[in-house]
Amino acid sequence: MDRRESPAIQWDGEQLILLDQRRLPLQQHYISYHEVAAVAEAIRDMVVRGAPAIGVTAAYGVVLAAKNRQSDSITSWRSALEADLQQLAAARPTAINLHWAIERMKSTLEGEPEQWIARLTREAEAIHREDIEACKTMGRLGAAYIDTGSGVLTHCNAGALATGGYGTALGVIRAAWEQQRLAAVYADETRPWLQGARLTAWELLQDEIPVSLLVDGASSWLMKQGKVQWVVVGSDRIAANGDVANKIGTYSAAIAARHHGVKFMVVAPTSTIDRNVATGEEIPIEARAAEELFSCLQGERIAAQQADGWNPVFDVTPAALVDLIVTERGVVEQPNREKIAALFSE
Ligand code: MRU
């Protein structure tokens, strides 16, 4: 897999190489990882972010853990590995792809231990490859719903940087752009990490797709002007009833979209659907340090010195506000529990 296909995550057989997304777009800086503890820290500290990308990264983290813990006794190998994987799973709470990838990796730990490293490596590479394929399928399926001449708004970054490659929401936007369906692409800045301004704009411009940035609070006014017909976003976790957790601000965009007759599309692989949570109320919402709000990307403080902060970084959009969930297994229109379950039985 070359850097163009998977810009955020590289694996060379020995080490994991991550593009440090905290420094984009000013610098393209890569960091090499040889230890699972450092991989967990990279996920927690947002070197790599975006639910599917976190899953792919965790899968390679499991390979590193297994290599470093390798021992003659299966029992001690398994228990050392279990402790490492718990630490990895705790890195970020909302993105279910993290847990999904770790569980899938664990399921390969059967049979002869001599084969474990080779088997884990093949599995991690398969998770990475399948994620890119899923994004391309979703791109094609989602783009078909967008009429020629439409404007679209996206929130946060659900692009190649947030996945194995190509992107979920940005995969749909890429495919729709290639098919000349789009009149305009708008991206919310996405406070406080500015994934829209820094990452989505950078990614789209690399593909020569023009993009206009707006402050998060401007999206309802954009809809009022009739400039967009679709809001297209990714997800960190989808509950069994179709409720969608995604970057804070997604819920406001969905409410505004419904009010203005703008359609709301969620693009996510089935690895993002958590059938163990009945509704969005059960999805753990990550709260990050309030300091993230007080300054511009760890720079000088701009907020009033005595102010407190509240910094939930995801919210839940109820299924009733979602027009489409696009997965690699098919599209669910007006999602509900039965339609989501049917995705897994087909
Ligand atoms: O905090 P982040 O940057 O990890 O949040 C990312 C998002 O909210 C994305 O929309 C989501 O993970 C889907 S990425 C394809």
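1. A quick definition to start: a residue counts as near the ligand if one of its heavy atoms lies within 4 Å of it. Keep in mind too that this is a predicted model. By that cut-off there are 18 residues around the ligand, and those that come nearest are Arg49, Arg92, Asp236, Asn246 and Lys247.

2. Three of these names come up again when you look at side chains. An N or O atom in the Asn246 side chain is 2.6 Å from a ligand oxygen. For the side chain of Lys247, the distance from such an atom to an oxygen of the ligand is 2.7 Å, and for Arg49 it is 2.8 Å. As for cover, the ligand on its own has 410 Å² of accessible area, and the protein covers 100% of it.

3. So where is the ligand? Domain 1 (9-134) and domain 2 (137-345) both contribute shell residues, so the ligand lies between them. It also sits in the largest cavity.

4. What is the shell made of? Seven of its residues are nonpolar, seven are polar and four are charged. Among the elements, α2 (51-69) and β9 (244-247) each supply at least two of the shell residues.

5. Now for some backbone oddities. Most peptide bonds are trans, and most residues other than glycine have a negative phi. Leu24 and Pro25, though, are joined by a cis peptide bond with omega about 5 degrees, and Pro25 is in the loop between β2 (16-19) and β3 (30-33). Another cis bond runs from Arg191 to Pro192, with omega near -5 degrees; look for Pro192 in the loop between β5 (182-188) and α7 (195-206).

6. Last, check Tyr166: it isn't a glycine, yet its phi is positive, about 75 degrees. Tyr166 is in the loop between β4 (150-154) and α6 (169-178).

Technical notes: Residues are numbered from 1 along each chain as its sequence is written. This is a predicted model: local features need pLDDT of at least 70, side-chain atom pairs count only at pLDDT 80 or more; totals for chains, interfaces and linings use all residues. Side-chain values use heavy atoms; hydrogens and water are left out. A polar contact is a pair of N or O atoms within 3.5 Å; within protein, one must be able to donate a hydrogen and the other to accept it, and residues adjacent in sequence count only if both atoms are side-chain atoms. Accessible areas come from the Shrake-Rupley method with a 1.4 Å probe; for residues, only the protein chains shown count as cover. On a 1 Å grid over the protein atoms alone, a cavity is a set of points where a 1.4 Å probe fits but cannot get out, and a pocket is an open set with protein on both sides within 12 Å along at least five of seven lines; lining residues have an atom within 4 Å of a point. A molecule sits in a cavity or pocket if more than half of its atoms lie within 2 Å of its grid points. Helices (H or I, at least four residues) and strands (E, at least two) are DSSP runs, numbered from the N terminus. Ala, Val, Leu, Ile, Met, Phe, Trp, Tyr, Cys and Pro count as nonpolar, Asp, Glu, Lys and Arg as charged, and the others, Gly among them, as polar. Domain bounds come from an automatic or database domain assignment.
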